[in-house]
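Here are a few short exercises to work through with the model open beside you. Try each task on your own before reading its solution.

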Amino acid sequence: MKPQVVFVLGGPGAGKGTQCAKIVENYSYTHLSAGDLLREERNRQGSESGQLIDRYIKEGKIVPVEITINLLKTAMEETMKKDENKFRFLIDGFPRNEDNLQGWIKVMDGKADVKFILFFDCSTEVCINRCLERGKSSGRTDDNKESLEKRIQTYLQSTRPIIEQYEKQGKVRTIDASCSVSEVFTDVKSVFDREG
Ligand code: UP5
Ligand code: MG
């Protein structure tokens with residue numbers, strides 16, 4: 001069975017991770033956060049890319065796709081090797097720019113189906129407030145004002161155009177991410193009940 005993929009996109013702190021956790025509780029999906037995989041790789045003893053990843057994350061820049069796609073591909077393969085019924089994936093925080101998209105096409109085209117893009121839409125202000133609030137306890141090196149400004153810039157300049165490309169193909173399911181976690185999830189559920 002080919003992996004069935006939903007890309008989950010939205011600004012920093014839009015609630016991608018929070019909503020993915022709820023989707024996993026209710027539908028048969030495996031959650032793969034590209035950011036979490038990169039942070040794990042950064043922290044792994046002996047990692048060749050650790051320093052580069054660390055620098056890119058603090059700068060709010062997008063890591064070269066060769067690194068990210070390998071982590072995603074391996075994670076999908078390992079999940080499916082353990083349990084062949086686990087072929088549905090939420091890929092959270094990817095693809096974020098044209099380099100990411102081209103890397104995905106090069107490595108995964110024909111090997112996985114992208115069903116749709118789940119887009120969590122909310123204002124920059126909401127994004128910043130949520131990340132700064134989380135920064136009080138997250139320990140994330142990029143949940144500070146300086147990194148956050150750069151993350152927002154990168155999102156607006158590089159990621160929004162990717163979402164727009166998919167929009168033209170009719171593949172984007174937009175969710176208003178500015179309300180409460182449970183209200184957002186009600187909208188998410190209606191998408192997955194229809195086409196998950
Ligand atoms: N919260 C969530 N939903 C809420 C709601 N409805 N109402 C009120 N509060 C809500 O949520 C953020 C915070 O808000 C939490 O405290 C939550 O409780 C609260 P979360 O679910 O964590 O939001 P999420 O969208 O996942 O935010 P995250 O910070 O993870 O998004 P980013 O896209 O910025 O981070 P990510 O981990 O994906 O990437 C980090 C960095 O890695 C990137 O900047 C980049 O440098 C690098 N990266 C790549 O280079 N390539 C990739 O492919 C991926 C990442
Ligand atoms: Mg996240």
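**Exercise 1.** In this predicted model, find where Ser49 lies and decide whether Ser49 is buried or exposed.

*Solution.* Start with the location: Ser49 sits in the loop that runs between α2 and α3 (50-59). Next, take its relative accessible area, which is 16%. Buried means under 20%, so Ser49 is buried. Finally, look for partners beyond four places in sequence: Ser49 is in contact with Glu41 and Ile67.

**Exercise 2.** Work out how helix α2 (residues 34-43) and helix α4 (residues 65-82) pack, and which residues meet there.

*Solution.* Begin with the geometry: the two helices pack at an angle of about 100°, and their axes are 10 Å apart. Angles of 65 to 115 degrees count as roughly perpendicular, so α2 and α4 are roughly perpendicular to each other. Now list the residues. From α2 come Ala34, Leu37, Leu38 and Glu41, and they meet Ile67, Thr68, Leu71, Leu72 and Ala75 of α4. Sorted by class, this contact holds seven nonpolar residues, one polar and one charged. Two names should be familiar from the first exercise: Glu41 and Ile67, the contacts of Ser49, take part in this helix packing as well.

**Exercise 3.** Which residues does UniProt place under "binding site", and which of these does the lining of the largest pocket include?

*Solution.* First read the record: the unreviewed UniProt entry puts this feature at Arg39, Lys61, Ile62, Val63, Gly93, Phe94, Pro95, Arg96, Arg140 and Arg151. Then compare with the pocket: its lining includes Arg39, Lys61, Ile62, Val63, Gly93, Phe94, Arg96, Arg140 and Arg151 from that list.

**Exercise 4.** Place Arg140 and Arg151, then describe their exposure and their contacts.

*Solution.* Take Arg140 to begin with. Arg140 is in the loop between α6 (124-138) and α7 (145-168), and its relative accessibility of 25% makes it partly exposed. Setting aside residues up to four places away in sequence, Arg140 touches Arg39, Arg134 and Arg151.

Move on to Arg151, which belongs to helix α7. With a relative accessible area of 10%, Arg151 is buried. With the same exclusion, its contacts are Pro12, Gly60, Cys131, Arg134, Arg140, Asp142 and Asp143.

**Exercise 5.** Decide whether Thr154 is buried or exposed, and find what Thr154 contacts.

*Solution.* Thr154 is located in helix α7. Its relative accessibility is 17%, so Thr154 counts as buried. Beyond its neighbours within four places in sequence, Thr154 is in contact with Gly60, Ile62 and Thr159.

Terms used: Residues are numbered from 1 along each chain as its sequence is written. Chains are lettered from A and ligands numbered from 1 in the order in which they are written. This is a predicted model: local features need pLDDT of at least 70, side-chain atom pairs count only at pLDDT 80 or more; totals for chains, interfaces and linings use all residues. Side-chain values use heavy atoms; hydrogens and water are left out. Axes are lines fitted to C-alpha atoms, for helices over the stretch in contact, and angles run from 0 to 180 degrees between N-to-C directions. Helices (H or I, at least four residues) and strands (E, at least two) are DSSP runs, numbered from the N terminus. Angles under 35 degrees count as roughly parallel, over 145 as roughly antiparallel, 65 to 115 as roughly perpendicular and the rest as oblique. Contact means heavy atoms within 4.5 Å. Ala, Val, Leu, Ile, Met, Phe, Trp, Tyr, Cys and Pro count as nonpolar, Asp, Glu, Lys and Arg as charged, and the others, Gly among them, as polar. UniProt positions are given in the numbering used here, feature names are shortened, and annotations may be inferred rather than shown by experiment. On a 1 Å grid over the protein atoms alone, a cavity is a set of points where a 1.4 Å probe fits but cannot get out, and a pocket is an open set with protein on both sides within 12 Å along at least five of seven lines; lining residues have an atom within 4 Å of a point. Buried means under 20% relative accessible area, exposed over 50%, partly exposed in between (1.4 Å probe, protein chains only).
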